[in-house]
Amino acid sequence: MGLGWGALWTGAAAALLLAARGGLPLLALALLSASGVAAWLACRPLRLRRGPEAVGYLGERGWSCAQVARRVRRSRRIGHLPPVYPNGWFCLLESAELARGEARGVSALGEQFAVFRDLNGHCYVLDAYCPHLGANLSVGGRVVGSCIECPFHGWQFSGKDGKCTRIPYAKKVPEYAKIKVWPSCEVAGMILVWYHCDAVSPTWQVPEQKEVASGAWVFRGITEHFINAHIEEIPENAADIAHLSFLHEPSIMSGVDLRHTKSKFWNFTKHKWKAEWQPDPEPDTHCSRMTVKHSATLFGKHLPFMDLVISVKQIGPGLVFLLFKHSFLGHGLMIQSVTPVEPLLQHVIHRLYYERSIPGFIPKLILWAESVQFERDIMIWNNKQHLLKPLLVKEDAAIQRHRRWYSQFYSARSVMITGQKNGLDW
């Protein structure tokens, strides 16, 4: 992005200099400046970030979106929910959000984390609260080597094993002085933490996509949303094949307000979907896969250049890799992460990596189109009730199979919302 800015400003400065000397007509100057801006916008990654109450609610006259959201949350019947924090890998931060020598606090999964990066670039995740007197290490804590220093009394804790390495005013550091270190990794621009309510070590790893790791596919954009629903509602969409042909059939140009998406004005163009969901066999039972075939019609006529095949792989409860394949628009990877911020508040990020040779505006258009479709889902999720025993027909069989598959990420001690029966009888 820095190079894009540099090229833009260099070109603009040169154009202004030539114009001042009479070397460029005014129209040519305008065209040159416009082309520079257009080139910069085409190269710059798309960043679409929505706040917790920005989308997913019907607007009402005299009410702000935030007011409607709060009213819906107060009156909503949430139903009998599964445990709210499944076991698995979850994204805490984007890699770019944590500089070398920086510490940040993250609240997620019912925990407070202190995430820091040492000067060598290694990332560590610790409990946020110092075991001495409870100060938050991420609020004013300083990175010292591979340790984080408490801002209260200067105790230093190693990011590798959590042991206290220094107490400024003590002659000896007790052997038992340590803090919890959470298993973590950094993959595809994400800082991930392993969460398990029974403190079980990671039972699988998050794979690297070789094209992303090698730089053959480059970052083209990110979208961020917050969803007021149970985490399981989001991946369950993959097994709900029937909703694709109803909720996602209308043109993306008809928007995200479900009262107007079936407007006759945009009825001349439609999306068509075919999909199938299956859990993976051993040894990858923590994964599931889905193949989605997309096509589009214009006045009922098939548009072959809109055909798109998406291979979807869910990895654990909170990560989804979507591999795009198009006949002439190339290949790309979208990574979805879902992280529970609170029991019924999910932080969802989509990142798109695409072939370097494909013009930047194409993957950005794909990412924007995906965000439109996703925000239609959000309006459903933000207002729905979770049903323990939904009324299903034969064609909905994959939904029940998905629930059985997803239940592996819960344990007998998994956190339930207060007032609900504990355990797995849901």
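**Salt bridges, cores and a long-range fold**

Glu149 counts as buried, because its relative accessibility is 14% (buried is under 20% relative accessible area, exposed over 50% and partly exposed in between, with a 1.4 Å probe and protein chains only). Its salt-bridge partner is Arg142, and the closest N and O atoms of the two are 3.2 Å apart (a salt bridge is a side-chain nitrogen of Lys or Arg within 4 Å of a carboxyl oxygen of Asp or Glu). Arg142 has 46% relative accessibility and therefore counts as partly exposed.

The model is predicted, and local features need pLDDT of at least 70, side-chain atom pairs pLDDT 80 or more, while totals for chains, interfaces and linings use all residues. Residues are numbered from 1 along each chain as its sequence is written, and side-chain values use heavy atoms, with hydrogens and water left out.

The chain as a whole comes next. It has 426 residues, of which 47% count as buried. Eight helices and 20 strands are found in it (DSSP runs of H or I with at least four residues, or of E with at least two, numbered from the N terminus). Among contacts with a separation of 6 or more, 58% are between residues 24 or more positions apart (a contact means heavy atoms within 4.5 Å). About 21600 Å² of the chain is exposed, and carbon and sulfur atoms supply 60% of that area (Shrake-Rupley method, 1.4 Å probe; for residues, only the protein chains shown count as cover).

Inside the chain, the largest nonpolar core holds 72 residues (a set of buried Ala, Val, Leu, Ile, Met, Phe, Trp, Tyr and Cys residues joined through side-chain atoms within 4.5 Å). The members that touch the most others are Trp89, Leu92, Phe113, Val115, Leu192, Ile227 and Phe324. Leaving aside residues up to four places away in sequence, Phe324 touches Leu308, Val309, Ile310, Gly330, His331, Gly332, Met334, Leu352 and Ile366. Another core lies apart from the largest one; it has 18 residues, including Leu126, Cys150, Trp155 and Phe157.

Helix H7 covers residues 361-381. Of its 21 residues, 17 are buried, so the helix is mostly covered. At 1.5 Å a residue H7 should span 30 Å, and its end C-alpha atoms are indeed 30 Å apart (the expected span is 1.5 Å times one less than the number of residues). Trp368 belongs to H7 and is partly exposed, with a relative accessible area of 34%. Together with Met253 and Leu365, Trp368 makes a nonpolar surface patch of about 300 Å² (nonpolar patches join Val, Leu, Ile, Met, Phe, Trp and Tyr side chains within 5 Å, for residues with over 30% relative accessible area and no salt bridge).

The whole structure contains twelve salt bridges. In one of them, the side chains of Glu224 and Arg49 meet at 3.2 Å, N to O. Glu224 is in strand E13 (residues 217-227) and Arg49 in strand E1 (residues 46-49), so the pair ties together parts that are 175 residues apart in sequence. Glu224 counts as buried at 13% relative accessibility, whereas Arg49, at 39%, counts as partly exposed.

Another salt bridge joins the side chains of Arg403 and Glu236, at 2.8 Å from N to O. Because Arg403 lies in helix H8 (residues 397-406) and Glu236 in helix H5 (residues 233-236), this pair ties together parts 167 residues apart in sequence. Arg403 is buried, with a relative accessible area of 8%, and Glu236 is buried too, at 9%. Elsewhere, Asp280, Arg289 and Lys313 are joined into one network by salt bridges that share partners.

Terms used
Patches are made of residues with over 30% relative accessible area and no salt bridge: like charges are joined within 9 Å, nonpolar side chains (Val, Leu, Ile, Met, Phe, Trp, Tyr) within 5 Å.
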